[in-house]
Amino acid sequence: MYWIGDIVVHSGHGVCRITDKKTNPEMNKDFFQLKTVSNQLTIMIPEDKVDEFLRPVCSKDFFLQNLDLTKGKAINYSKDNKERRNQFQTLLSSNRLQDTLLLLKSLYSLADEKKKERKMLGSFDSQFFQQALKKASEELMFSMNLSKTEALELLEKTLKIQPVYQYSK
């Protein structure tokens, strides 16, 4: 159960604060009102759907454990844009920290590979990279009480260790 003032992670919007609980008499439903930490966007979540969209911000130990779990893991990187977009969207919206970190690690690796070829990530790869980086760094800031710069540096240092993506046809 969540309470007003709790910090949570929304599957699509990242770290949020629960600011209010409201009842919609027409729908006969209670809603949690959330504000995203990054841009103060207001989100309403039906109380009966909370478990589908929200989870608590993880602890420092859990975050570090999930960083360790990404070591040696890979996602199959499809060269088919539609397939890759669906795969990345599934990972990013799963609301599992490990999925977000694995996606981020794979995109760091792909960016490094592209850099060697004097190329950059494609537009939607870059968008997913930015979304995953935002989601992971915000949660890391709250989990470990870090500044944005410190969180980004820790993620980059930890996740850029080795190439992890694998091409699939």
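# A buried arginine and its surroundings

R84 counts as buried, because its relative accessibility is 5%. This arginine is a good way into the structure, which is a predicted model. R84 sits in helix α3, which covers residues 81-93, in a chain of 6 helices and 7 strands. Here is a friendly tour, starting with the whole chain and then moving to single residues.

**Overall architecture**

- Reading from the N terminus, the order of elements is β-β-β-β-α-β-α-β-α-α-α-α-β.
- The radius of gyration is 17 Å, which agrees with the value near 15 Å that a compact globule of 169 residues would have.
- Along the principal axes, the C-alpha trace of the chain extends over about 60 × 35 × 25 Å.
- Among contacts with a separation of 6 or more, 58% join residues that are 24 or more positions apart.

**Surface, burial and charge**

- Buried residues make up 41% of the 169 in the chain.
- The exposed area of the chain is about 9700 Å², and 49% of that area comes from carbon and sulfur atoms.
- The chain carries 27 positive and 22 negative charges; the mean positions of these two sets lie 7 Å apart.

**Two arginines in helix α3**

- Beyond four places in sequence, R84 touches Y77, S78 and K79, and also F124 and D125.
- The next residue to look at is R85, which is likewise placed in helix α3.
- R85 has a relative accessibility of 40%, so this residue counts as partly exposed, whereas R84, at 5%, counts as buried.
- With neighbours up to four places away set aside, the contacts of R85 are F124 and F128.
- F124 therefore turns up in both contact lists, since contact means heavy atoms within 4.5 Å and F124 is named for R84 and for R85.
- R85 and F142 are separated by 57 residues in sequence, and their C-alpha atoms are 29 Å apart in space.

**Two residues of helix α4**

- Helix α4 spans residues 97-116, and both Q98 and L107 belong to this helix.
- Q98 has a relative accessibility of 14%, so Q98 counts as buried.
- Setting aside residues up to four places away, Q98 is in contact with N66, L69, T70 and K73.
- L107 is buried as well, because its relative accessibility is 1%.
- The contacts of L107, again leaving out residues within four places, are F88, L121, D125, F128 and F129.
- D125 is also touched by R84, and F128 is also touched by R85.
- L107 and K160 are 53 residues apart along the chain, yet the distance between their C-alpha atoms is 9.4 Å.

**Loop residues with positive phi**

- Most residues other than glycine have a negative phi.
- N28 is not a glycine, and its phi is positive at about 55 degrees.
- N28 belongs to the loop that links β2 (14-24) and β3 (29-36).
- With 69% relative accessibility, N28 counts as exposed.
- R118, another residue other than glycine, has a positive phi near 60 degrees.
- The loop that holds R118 runs between α4 (97-116) and α5 (123-144).
- R118 is exposed, because its relative accessible area is 80%.

**Cysteines and disulfides**

- A disulfide is a covalent bond between the sulfur atoms of two cysteines.
- The search of the whole structure turns up 0 disulfides.
- For C16, the closest cysteine sulfur is that of C58, at 15 Å, so the pair is too far apart for a bond.
- Seen from the other side, C58 takes part in no disulfide, and its nearest cysteine sulfur is that of C16, 15 Å away.
- C16 has a relative accessible area of 0%, so C16 is buried.
- C58 is counted as buried too, because its relative accessibility is 8%.

Conventions:
Residues numbered from 1 in each chain as written. Predicted model: local features only at pLDDT ≥ 70, side-chain atom pairs only at ≥ 80, totals over all residues. Heavy atoms only, no water. Helix = DSSP H or I, 4+ residues; strand = E, 2+ residues; numbered from the N terminus. Rg over C-alpha atoms; globule rule 2.2 N^0.38 Å. Buried < 20%, exposed > 50% of the residue type's maximum accessible area, 1.4 Å probe, protein only. Areas by Shrake-Rupley, 256 points an atom, 1.4 Å probe, with all protein chains shown as cover. Lys, Arg positive; Asp, Glu negative; His and termini not counted. Charge placed at Lys NZ, Arg CZ, Asp CG, Glu CD. Disulfide = S-S within 2.5 Å.
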